[in-house]
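Okay, thanks for coming, everyone. I'd like to walk you through a structure that's probably new to most of you, so let me put it up on the screen.

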Amino acid sequence: MQRLLFPPLKAVMGSPCLRLLIPGAAPRTQCGCSCGIRRPLRPGQYSTISEVALQPGRGTVSQPSKAAERVVGRWLLVCSGTVAGAVILGGVTRLTESGLSMVDWHLIKGMKPPTSQEEWEAEFQKYQQFPEFKILNHDMTLAEFKFIWYMEYSHRMWGRLVGLAYILPAAYFWRKGWLTHGLKGRVLALCGLVCFQGLLGWYMVKSGLAEKPDSHDIPRVSQYRLAAHLGSALVLYCTSLWTSFSLLLPQHKLPETRQLLRLRRFAHGTAGLVFLTALSGAFVAGLDAGLVYNSFPKMGESWIPEDLFTFSPLLRNVFENPTTVQFDHRILGITSVAAITALYFLSRRIPLPRRTKIAAVTLLALAYTQVGLGISTLLMYVPTPLAATHQSGSLAVLSAALWLMSELRRVPK
């Protein structure tokens, strides 16, 4: 039986083709001895299958290097900064009531501002045909119109800059092979979301240009469309920032304990709460709800105002009643700060790396600063500089929450 099995097995194991598949093995010399001396390899010949796989065009696709990942991470970090700038500029545009000054939208033609007196007068005449001028700004001068026009123009041009910051480098990195398979899908989604943002912005502006004979309110954009516009911008910002953190910040090899799992889940929930609070600010801005009750901690003379549920059906109050919208924003803000405070003290019970501790402290400090800005904005009847700072603070708190989430993310096995 041994003579039947072992000699064929020995012959197979001695085959040069099989030895090529075994790492570290190489064809023996043809001298007939078993001294194990390697024969010099001819150009283009590989001793192991792993060496074959490393050659370009031979079986596997090469992965981007660490240096390429860092470049892509820095690019997405810059992109998230441009999105933050667009959100802040859009908030200032809304606070100065400049968003309805440009009554048409052209991707290329709209990039050229008026240069002569005749062009400015023609632009002003177009604005005069819409409800905002007829009802709210009927005594506006051309000089005042130029200010609000340039505010909206700056916001639109910044939006085009954001699109270029995403699309052009994405095409370059894709061609260079610096994007992994998973990153390609995410980058495509981000570029698509940027384009969608432009269309959604114009869809929002159109709601403020429409004639509303049955309405006695001042012309303004739909708070639903404003919330959708801001929400998609926040999704774009968070996704870009989270991806850049994943590429730039080395992961900590934390022990997977029950306390860490609880802290990680609580951090995710807190970040979602911060996102929801920032989104509720769009309804406050869309309805000018910050001007309804300018007192704190009470709303007027009571903790719960009497006109909280005056609309019917009841659900309309959450999105259309200025009193309820401001009340909800207050409750969400207070809950967010309470959750961030609890998250900070929970993080102190676990031995964490120094960078993670800094992220937790930063989140706590920004949250309480944001509360101070919000209360000051309310008590001072929403001055534009302070309100714009408050809106910027929401992005800062959201960024710190994402940073802490990134610090606590699970290391893949």
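So, to begin with the overall picture: of the 413 residues in this protein, 41% are buried. Keep in mind as we go that this is a predicted model. About 23,500 Å² of the protein is exposed, and carbon and sulfur atoms supply 65% of that.

What kind of elements are we looking at? Helices: there are 14 of them, and zero strands. If you read along from the N terminus, you just get α after α, right to the end. And take the contacts in the protein with a separation of 6 or more: 76% of those come from residues 24 or more positions apart.

Now, what does the database record add? The unreviewed UniProt entry carries the annotation "transmembrane region" for several stretches, including 75–95, 157–175, 270–293 and 358–382. Let's look at two of those in the model. Residues 270–293 are 71% helix and 0% strand, with 27 Å between the end C-alpha atoms. For residues 358–382 we get 88% helix, again 0% strand, and the end C-alpha atoms sit 32 Å apart.

Staying around there, let me point out Thr 377, which is in helix α13, residues 354–379. Is Thr 377 buried or exposed? It's buried, because its relative accessible area is 7%, and the cut-off for buried is under 20%. Leaving aside neighbours within four places in sequence, Thr 377 is in contact with Val 382, Pro 383, Leu 386, Ala 387 and His 390.

Let's jump to a loop. Met 102 is in the one between α4 (66–95) and α5 (117–127). It's a loop residue, but Met 102 is buried, with a relative accessible area of 5%. Who does Met 102 touch, once you skip neighbours within four places in sequence? The contacts are Gly 110, Trp 149, Glu 152, Tyr 153, Arg 156, Trp 202 and Val 205. Look at Glu 152 in particular: Met 102 and Glu 152 are 50 residues apart along the chain, yet their C-alpha atoms are separated by 6.9 Å.

Two of those contacts, Trp 149 and Tyr 153, bring me to the aromatics. They belong to one aromatic cluster, together with Trp 120, Phe 124, Tyr 127, Phe 133, Phe 145 and Tyr 150. Over the whole model, the count is 18 aromatic pairs. Take Tyr 127 and Phe 133: the ring centres are 6.0 Å apart and the planes are at 70 degrees, so we call this pair edge-to-face. Tyr 127 is buried, at 1% relative accessibility, and Phe 133 is buried too, at 12%.

One more ring before I move on. Arg 225 lies over the face of Tyr 203, 3.7 Å from the ring centre.

Last stop, the cysteines. How many disulfides does the structure hold? Zero. Why is Cys 191 not bonded to Cys 195? Cys 195 has the closest cysteine sulfur to that of Cys 191, but at 7.2 Å it's too far for a bond; a disulfide would need the sulfurs within 2.5 Å. As for their surroundings, Cys 191 is buried, with a relative accessible area of 14%, whereas Cys 195 is partly exposed, at 44%.

That's my tour. Happy to go back to any part of it on the screen.

Terms used
Residues numbered from 1 in each chain as written. Predicted model: local features only at pLDDT ≥ 70, side-chain atom pairs only at ≥ 80, totals over all residues. Heavy atoms only, no water. UniProt positions renumbered as here; feature names shortened; annotations may be inferred. Helix = DSSP H or I, 4+ residues; strand = E, 2+ residues; numbered from the N terminus. Phe/Tyr/Trp six-rings, centres within 6.5 Å; stacked < 30°, edge-to-face > 60°. Buried < 20%, exposed > 50% of the residue type's maximum accessible area, 1.4 Å probe, protein only. Lys NZ or Arg CZ within 6 Å of the ring centre and 35° of its normal. Contact = heavy atoms within 4.5 Å. Areas by Shrake-Rupley, 256 points an atom, 1.4 Å probe, with all protein chains shown as cover.
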